[in-house]
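Fresh notebook page today. I wanted to look up the overall build of one chain, then its contact with its partner, then the nonpolar core.

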Amino acid sequence: MIGASAAPAAAGARLPRDHGLRRVLRAAAGRSYPRIIGQNRERSWLFYDTVLPLLGTIAFVFVYKALGAPDRFIGYVIMGGATTAFWLNVMWNMAAQFYWDKQGGNLELYMVVPCGITPILLGMSLGGFLATLLRAAVIVLLGAWMFDVRFAVSDLGLFLLVFGVAIVALYGLGVTFASLFLLWGREAWHMAELFMEPVFLASGFYFPVRALGFWAAMGTSFIPLTLALDALRQLLFGAAHPALLPVWWEVAALGALAVMFIILARFMLRRMEYLARREGRLSLRF
Amino acid sequence: MATAAASVSRRSGSGPARWWRALRVAYWLGWQIETNWTDPLLFFIYSLAKPLGGVLILVFMYFVVARGGQGPLLGFFVVGTALWPFVLRGMMGTAWGLISDREHWRTLRYIYSAPIPFRAYLIGRSLAQATSAIAPALITLLFGRYVLGVPLHLETIDGWYAAAAMLLGIAGIVALGLAVVSAAMLISGEAWRMPEGVGAALYLVSGAIFPVTTLPGWLHPVAQVFPLTWWLEAMRRGLLGADTVKSFPWAGAGQVLLYQVLVTLSWIVLASLAFGVAERRARQLGILDQESAY
């Protein structure tokens, strides 16, 4: 008996124990693995993640066709469809993820692992982003092919910079929401639903956000996608696009949002975890 | 014991009475599940935010292109967006009801083995979901009338026509819901996403936010197969009058209602058959209460 119990203990002692940044990176890579590799093994998810935003996108393209709008509006809608994939990922697979984890019994495990919860969220973000990037690319390619839309980027470097900063800000917002959702039970599902159409409207997913009016659009700019979409459209459609702000101002604002959401996410995560523990909601399934 | 059993047997009734009681109780249960997750104010905001957000997206798309002008397409958008929550909640909600009973609450096996007609239970859940779409629909229509100036005037609304179309529409939505539930009974892994996929496809082909005439010609017959297309067309004619933008310009108002009756009845029969087949198959395979550990 003694020999039998000593063997696993010895094996455990041989396990590499990383510390510091190395542990954070390994934990993040571990959590991102199921999102990058595992998700693609479930073919039906791949199908639904791509086809659902594409169907919505096509419906809005036909709205512009019914209105007799110029071709660039179809480009707006296709970009909006690709952005929808990111927003869906942030709301359902970042913000509401702890709700699913609570249902599946994983949340308690996350709370007791030695790396802490931050690398878990980092891995979720990284994996979610890479998986969604693939889906968004498919939506853009299929949409452009189906409706014969051509995108000409005027400054590729700036385009990638806007995209990169916006993604950091967006996933920072996702982590902030995740901490809020930690407290919720059944509400989580409905709240994620609530943040769909109103956000599509406020961020101008399917029309130039300037149409909301300058100050209304500025008010909705705390959602990183508002400024990101406007800047990307300026780089794609040039002077034909009614810009909200100059591109570099939008890059700077997105950078500020990214920093703000990362700090806020860290603060909220600690605060909400404390509240969830105190009120006994961490493992409350229903 | 024998007396008690006889009493229970008498109380359980038979046929329509049992159906009605199961439907009523399922409706109450569905309403509680749908609404009691929060306080009434937040539920009201939640109910309104999605459809109003949806209609405002279309309104801004419209104004960006039309540059402030008004036209009949605005009315088309408002009626379509106001009515779509009935589809979302009535059809997709029924499927999600079954899936959540199976996977989330894990009560399906107990409900199924209870002495109640299972179809009455599902239809009751579906009607509860559809009821929660009434307030957003009314407020979206009022918003269209008073804020956007859509011609929804009492004197031009054909009340009887619209009411008949609405009742038939709900029957069509329930039939579609049963058809989707039939598919959901036989699948597990992707069951959560399947109703959403069906809803998105119907949103595209049924003339919800643009006339069917805008679709490529090969999709026109597909659009005509679904009761939703005829329901939305009939509701627009009943609420907006003859000047509305039409998905079927070749059909008169009477024809549209007649087609709606025929297509809806066909779907009721088809959905009923599909449900029976799916239910038997799921029991044979032993997957009726199979959880996919989502």
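**Overall dimensions.** I started with chain B of this predicted model. A compact globule of 294 residues would have a radius of gyration near 19 Å, and chain B comes out at 21 Å, so the two agree. I then looked up the extent of its C-alpha trace, which spans about 75 × 45 × 40 Å along the principal axes.

**Fold content.** What does chain B hold in the way of helices and strands? I found twelve helices and zero strands. Next I checked burial: 43% of the 294 residues of chain B count as buried. I also looked at contacts in chain B with a separation of 6 or more, and 81% of them join residues 24 or more positions apart.

**Contact between the chains.** Here I noted 32 residues from chain B and 32 residues from chain A. On the chain B side, α3 (40–66) and α9 (194–205) each supply at least two residues. The largest share there, 15 residues, comes from α3(B). Sorting that side of chain B by class, I got 22 nonpolar, six polar and four charged residues.

**Nonpolar core.** Which residues have the most contacts inside the largest nonpolar core? My lookup gave Phe181(A), Leu254(A) and Phe77(B), in a core of 164 residues. Helix α4 (residues 72–104) of chain B brings the largest share of this core, 18 residues. I followed up on Leu254(A): leaving out residues up to four places away in sequence, Leu254(A) touches Val162(A), Val165(A), Ala166(A), Ala169(A), Pro224(A), Leu227(A) and Ala228(A).

Terms used. Residues numbered from 1 in each chain as written. Chains lettered and ligands numbered in written order. Predicted model: local features only at pLDDT ≥ 70, side-chain atom pairs only at ≥ 80, totals over all residues. Core = buried A, V, L, I, M, F, W, Y, C linked by C-beta atoms within 7 Å. Buried ≥ 20, exposed ≤ 12 C-beta atoms within 10 Å, placed from the backbone. Helix = DSSP H or I, 4+ residues; strand = E, 2+ residues; numbered from the N terminus. Contact = placed C-beta atoms within 7 Å. Nonpolar A, V, L, I, M, F, W, Y, C, P; charged D, E, K, R; others polar. Rg over C-alpha atoms; globule rule 2.2 N^0.38 Å.
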